[in-house]
Amino acid sequence: MRWIFHKGKKLGLTIPDEEYKKMISVITSSVYLAFSVCLTEGWLMAHRIVPDQHNAYIERGRFIDSISFGRGRHQIKMGFSKIDIVEKGRVPIIVEVKASGKSLKSGIHQVKYLLYVFFRETGVVAVGQVRIPSEKKRYTLRLTQDIINEVETNLKYYFRVVQGPMPEPQYRHICDVCGYVDLCFPE
Ligand code: SF4
């Protein structure tokens, strides 16, 4: 365990630096999110297989993202992911925008990853926020040891899955809105 001190707080990391760099070059923010939805989707994305870009849900996500930030938005590249940051006082806020409350759980999952990567890259404990503009809702969280443990456990697991064969697609209702549906279930 490597300990990092931040404003009197002690946080521990179990993944060594070299391994962490290797993992996040494959398990980017989008891949991490995809894995939480479906192992096949995560595997396909990690192998750089591009989903159907004309998929209505992917287009909607791009549109919501493009209209959801004011002038305070800073997009930075960190690790192999882009992170949206807005500043409030001296504490950076990492923001993830979702279309509806149905995506709150996946938004929190992704923000935890971003908080972890931000901490590893800068040593700063930031605040994370999932914003749902359509419902005027915000969910705020801050990096904790539990979140670090959760993200590191997931990173190790997802990285192992990527090294193996593609997990067999299992049809569920979410497949109907997935950009890989034609690949998983060809007619
Ligand atoms: S179509 Fe279904 S099984 Fe295939 S990647 Fe998408 S969600 Fe997973």
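1. A residue is taken as near a molecule or strand if its C-beta atom, placed from the backbone, lies within 6 Å of it. On that footing, the ligand is surrounded by Cys-38, Thr-40, Glu-41, Leu-44, Pro-169, Gln-170, Ile-174, Cys-175, Cys-178, Tyr-180, Val-181 and Cys-184. The elements giving two or more residues to this shell are α3 (39–46) and α7 (181–184), and α3 supplies the largest share, three residues; helices (H or I, at least four residues) and strands (E, at least two) are DSSP runs, numbered from the N terminus.

2. The model is predicted, with local features needing pLDDT of at least 70 and side-chain atom pairs counting only at pLDDT 80 or more, while totals for chains, interfaces and linings use all residues. Residues are numbered from 1 along each chain as its sequence is written.

3. By class, the shell around the ligand holds nine nonpolar, two polar and one charged residues, where Ala, Val, Leu, Ile, Met, Phe, Trp, Tyr, Cys and Pro count as nonpolar, Asp, Glu, Lys and Arg as charged, and the others, Gly among them, as polar.

4. In α3, Leu-39, Gly-42, Trp-43 and Ala-46 meet Tyr-158, Val-161 and Val-162 of α6, contact here requiring C-beta atoms, placed from the backbone, to lie within 7 Å. The residues of this contact of α3 with α6 divide into six nonpolar, one polar and no charged.

5. Elsewhere, Phe-5 lies in strand β1 (residues 2–6). Phe-5 and Val-124 are 119 residues apart in sequence, yet 9.6 Å apart in space, C-alpha to C-alpha.

Technical notes
Contact = placed C-beta atoms within 7 Å.
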